[in-house]
Amino acid sequence: CQRATELDPFNLRLHYLLATLLSEHDRDDDAGLALKHILYLDPDFAIAHFSLANLARRQHRLHDMQRHLRNAHNALRHSRPEELVPEAEGLTVKGLRELITVMLAKE
């Protein structure tokens with residue numbers, strides 16, 4: 001997957017897949033870098049913000065988690081509620097917004 005991102009450096013889906021794989025193998029720092037690269041290419045890639053929030057939560061960095069959740073919510077500002085969030089496995093904009101709201105209310 002790393003090689004694929006090198007061959008196609010602007011492919012956000014590949015970078016997100018890489019970040020997911022890195023995170024699943026407990027390489028959170030590398031996953032975070034991959035997610036930040038996505039956001040450099042597309043600051044409104046909501047699921048990358050949301051994934052960074054989850055990484056921050058796992059590392060007990062609550063302030064960072066809240067910031068990333070707010071960024072994810074803000075990235076969805078121009079999307080219709082019924083739209084699917086790219087790379088979110090069928091999750092709608094409305095569903096992600098609700099999840100973000102619940103997560104922010106818990107912390």
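Helices are taken here as DSSP runs of at least four residues, numbered from the N terminus. In this predicted model, Cys 1 accordingly lies in the segment before helix H1, which covers residues 2-7. Cys 1 is partly exposed, because its relative accessible area is 37% and the partly exposed class lies between the limits of 20% and 50%. When residues up to four places away in sequence are not counted, Cys 1 touches Leu 14, Leu 17, Leu 18 and Leu 21. The C-alpha atom of Cys 1 is separated by 19 Å from that of Leu 52, a residue 51 places further along the chain.

Helix H3 (28-41) has 14 residues, which should span 20 Å at 1.5 Å a residue, and its end C-alpha atoms are indeed 20 Å apart. The buried residues of H3 are Asp 28, Ala 31, Gly 32, Ala 34, Leu 35, Ile 38 and Leu 39. Seen down the helix axis, these residues fall within an arc of 160°, so they line one face of H3. An α-helix has 3.6 residues a turn, so residues three or four places apart point the same way. The buried residues of H3 pack against H2 and H4, whereas Asp 29, Leu 33 and Tyr 40 are exposed on the other side of the helix.

Helix H5, made up of residues 62-75, also has its length and its buried residues described. Its 14 residues reach 20 Å from the first C-alpha to the last, close to the 20 Å expected at 1.5 Å a residue. The buried residues of H5 are Asp 64, Met 65, His 68, Leu 69, Ala 72 and Ala 75. They cover an arc of only 135° around the axis, and they therefore sit on the same side of H5. The packing partners of these buried residues are H4 and helix H6 (93-106).

Contacts of a single residue in H4 can be set beside this packing. His 49 is found in helix H4, which runs over residues 46-58, and it counts as buried because its relative accessibility is 8%, under the 20% limit. Leaving aside neighbours within four places in sequence, His 49 is in contact with Leu 39, Pro 43, His 68, Asn 71, Ala 72 and Ala 75. Among these contacts, His 68, Ala 72 and Ala 75 are also listed among the buried residues of H5, while Leu 39 is listed among those of H3.

The largest pocket holds about 350 Å³ of space. Of the 18 residues that line this pocket, the closest to its centre are Tyr 16, Ala 19, Thr 20, Ser 23 and Ser 51. The elements that give two or more residues to the lining are helix H2 (12-24), helix H3 and H4, and the largest share, seven residues, comes from H2. By residue type, the lining divides into nine nonpolar, four polar and five charged residues.

Two loop residues were examined for their backbone angles. Most residues other than glycine have a negative phi. Asp 26, in the loop between H2 and H3, has a positive phi near 60° although it is not a glycine. His 60, in the loop between H4 and H5, likewise has a positive phi, of about 60°, without being a glycine. Asp 26 counts as exposed because its relative accessibility is 69%, and His 60, at 69% relative accessibility, counts as exposed as well.

Conventions
Residues are numbered from 1 along each chain as its sequence is written. This is a predicted model: local features need pLDDT of at least 70, side-chain atom pairs count only at pLDDT 80 or more; totals for chains, interfaces and linings use all residues. Side-chain values use heavy atoms; hydrogens and water are left out. Buried means under 20% relative accessible area, exposed over 50%, partly exposed in between (1.4 Å probe, protein chains only). Contact means heavy atoms within 4.5 Å. The expected span of a helix is 1.5 Å times one less than its number of residues. The arc is that of the directions from the helix axis to the C-beta atoms. On a 1 Å grid over the protein atoms alone, a cavity is a set of points where a 1.4 Å probe fits but cannot get out, and a pocket is an open set with protein on both sides within 12 Å along at least five of seven lines; lining residues have an atom within 4 Å of a point. Grid points are joined across faces, edges and corners, and a volume is the space filled by probe spheres set on the points. Ala, Val, Leu, Ile, Met, Phe, Trp, Tyr, Cys and Pro count as nonpolar, Asp, Glu, Lys and Arg as charged, and the others, Gly among them, as polar.
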